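Me: Please take a close look at the largest pocket of this model. Which residues line the pocket, and what lies elsewhere on the surface?

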Amino acid sequence: AAGAGIKALVSVSVFLVEGADVQAAYAAAAETLGSVGTPPLVSAALVAALGVPGALVEVSAVAALTSG
């Protein structure tokens with residue numbers, strides 16, 4: 001959602017190309033997402049390839065905003 005900050009995240013999906021450094025990816029996510037009070041749900045999957053040639057990681061995030 002436009003204008004949402006990291007505290008508004010409710011879920012994050014991470015897609016890693018087979019052979020990518022999974023531990024490094026989780027360490028990076030933990031460093032950033034661990035700084036919020038209640039971190040979002042994080043799901044990860046290893047895939048054969050991504051839609052962008054040469055890409056190693058794809059991230060999708062869902063945020064929830066309250067009105068007013």
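Reply: For the classes used here, Ala, Val, Leu, Ile, Met, Phe, Trp, Tyr, Cys and Pro count as nonpolar, Asp, Glu, Lys and Arg as charged, and the others, Gly among them, as polar. The model is a predicted one, and by these classes the lining of its largest pocket has 13 nonpolar residues, one polar residue and no charged residues. The pocket holds about 190 Å³ of space, and among the 14 residues that line it, V12, V14, A25, A29 and V59 lie nearest the centre. Four elements, namely strand 1 (9-17), helix 1 (22-33), strand 2 (41-47) and strand 3 (57-63), each supply at least two residues of this lining, and helix 1 gives the most, with six residues.

V59, one of the residues nearest the centre of the pocket, also belongs to a nonpolar patch on the surface, which V59 forms together with L56 and V57 and which has about 280 Å² of accessible area in all. Within that patch, L56 is placed in the loop between strand 2 and strand 3, and L56 counts as exposed because its relative accessible area of 53% lies over the 50% cut-off.

A8, in the segment before strand 1, counts as buried, because its relative accessibility is 15% and the cut-off for buried is under 20%. A8 also takes part in a pairing of distant sequence positions, since A8 and T66 are 58 residues apart in sequence while their C-alpha atoms are 9.2 Å apart in space.

How values were computed
Residues numbered from 1 in each chain as written. Predicted model: local features only at pLDDT ≥ 70, side-chain atom pairs only at ≥ 80, totals over all residues. Heavy atoms only, no water. 1 Å grid on protein atoms, 1.4 Å probe; cavity = no way out; pocket = protein on both sides within 12 Å on 5 of 7 lines; lining within 4 Å. Points joined across faces, edges and corners; volume = space filled by probe spheres on them. Patch = residues over 30% accessible without salt bridge, like charges linked within 9 Å, V, L, I, M, F, W, Y side chains within 5 Å. Areas by Shrake-Rupley, 256 points an atom, 1.4 Å probe, with all protein chains shown as cover. Salt bridge = Lys/Arg side-chain N within 4 Å of Asp/Glu carboxyl O. Buried < 20%, exposed > 50% of the residue type's maximum accessible area, 1.4 Å probe, protein only.
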